[in-house]
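Here are my notes for you, as numbered points to read with the model open. Take them in any order you like.

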Amino acid sequence: GCLHDRDLPSAIAAPRIHLRLVDDEFVVEHEADEEIRAAVARSGLASHEYAEPHMYFGGVGAAAVSPSGDLQAAGDARREAATGVSP
């Protein structure tokens, strides 16, 4: 599914990319990750890598219900976030 076989907190924490148009050329801005770095190198596009997870990529808060009915919630460390699940 949309989480790529990750749990919700791992999916939210995964490295992100952003494609930006600068002076009629695309620049791939991304968080540090070997797979992303290799894909950008293969693309031939210019890039800017953020060494740490960065607030530039926004913040995500999400909740999901598993097939068994369990509720899970997670917030993004890139921005201040808090989650709670009560019965």
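1. Let's begin just after helix H2: Gly44 follows the helix, and its phi is positive, near 80°. At the other end of H2, which spans residues 34–43, Asp33 acts as the N-terminal cap. A side-chain oxygen of Asp33 lies 3.1 Å from the backbone nitrogen of Glu35. Please keep in mind throughout that this is a predicted model.

2. For orientation, the protein chain has 2 helices and 5 strands, and along the sequence they follow the pattern α-β-β-α-β-β-β. Of the 87 residues, 20% count as buried. The chain exposes about 6,300 Å², and carbon and sulfur atoms supply 53% of that area. If you like contact statistics, take the contacts with a separation of 6 or more: residues 24 or more positions apart account for 31% of them.

3. Now to the sheet. It is an open one of 3 strands, ordered E1-E2-E3, with mixed pairing. E1 and E3 (46–50) are the edge strands, each pairing on one side only. Ignoring direction, neighbouring strands in this sheet are turned by 25° against each other on average. As a reminder, strands of a sheet pair through backbone hydrogen bonds, either parallel or antiparallel.

4. Which sense does each pairing take? E1 (residues 17–22) and E2 (residues 25–31) are antiparallel, with 6 bridges between them. E2 and E3 run parallel and are joined by 5 bridges. E1 and E2 also form a hairpin with 2 residues between them. In that turn, Asp23 has a positive phi of about 50°, so you may want to view Asp23 alongside Gly44, where phi is also positive.5. His30 deserves a stop of its own. It is found in strand E2, where His30 stands opposite Ile17 on one side and opposite Glu49 in E3. Is His30 buried or exposed? His30 has a relative accessible area of 1%, and because the cut-off for buried is under 20%, His30 counts as buried.

6. What is His30 in contact with, leaving aside its neighbours within four places in sequence? The list includes Arg16 and Ile17, then Ile36, Arg37 and Val40. It also holds Ser47, His48, Glu49, Tyr50 and Phe57. Ile36, Arg37 and Val40 are among the contacts to check when you look at H2, since H2 packs on the sheet and touches E1, E2 and E3. The direction of H2 makes about 165° with that of E2.

7. Finally, the aromatic residues. A search of the whole structure finds 3 aromatic pairs. One of them is Tyr50 with Tyr56, a stacked pair at 5.5 Å centre to centre, with 15° between the planes. Tyr50 and Phe57 have ring centres 5.4 Å apart and planes at 85°, so this pair is edge-to-face. Tyr50, Tyr56 and Phe57 form one aromatic cluster.

8. How do the members of that cluster stand for burial? Tyr50 counts as buried, at 15% relative accessibility, while Tyr56 counts as partly exposed, at 34%. Phe57 is buried, as is Tyr50. Tyr50 and Phe57 also appear in the contact list of His30, which makes them a handy link back to the residue in points 5 and 6.

Definitions and conventions. Residues are numbered from 1 along each chain as its sequence is written. This is a predicted model: local features need pLDDT of at least 70, side-chain atom pairs count only at pLDDT 80 or more; totals for chains, interfaces and linings use all residues. Side-chain values use heavy atoms; hydrogens and water are left out. Helices (H or I, at least four residues) and strands (E, at least two) are DSSP runs, numbered from the N terminus. Buried means under 20% relative accessible area, exposed over 50%, partly exposed in between (1.4 Å probe, protein chains only). Contact means heavy atoms within 4.5 Å. Accessible areas come from the Shrake-Rupley method with a 1.4 Å probe; for residues, only the protein chains shown count as cover. A polar contact is a pair of N or O atoms within 3.5 Å; within protein, one must be able to donate a hydrogen and the other to accept it, and residues adjacent in sequence count only if both atoms are side-chain atoms. Rings of Phe, Tyr and Trp (its six-membered ring) pair if their centres lie within 6.5 Å; planes under 30 degrees apart count as stacked, over 60 as edge-to-face and the rest as tilted. Two strands pair if DSSP finds at least two bridges between them. Axes are lines fitted to C-alpha atoms, for helices over the stretch in contact, and angles run from 0 to 180 degrees between N-to-C directions.
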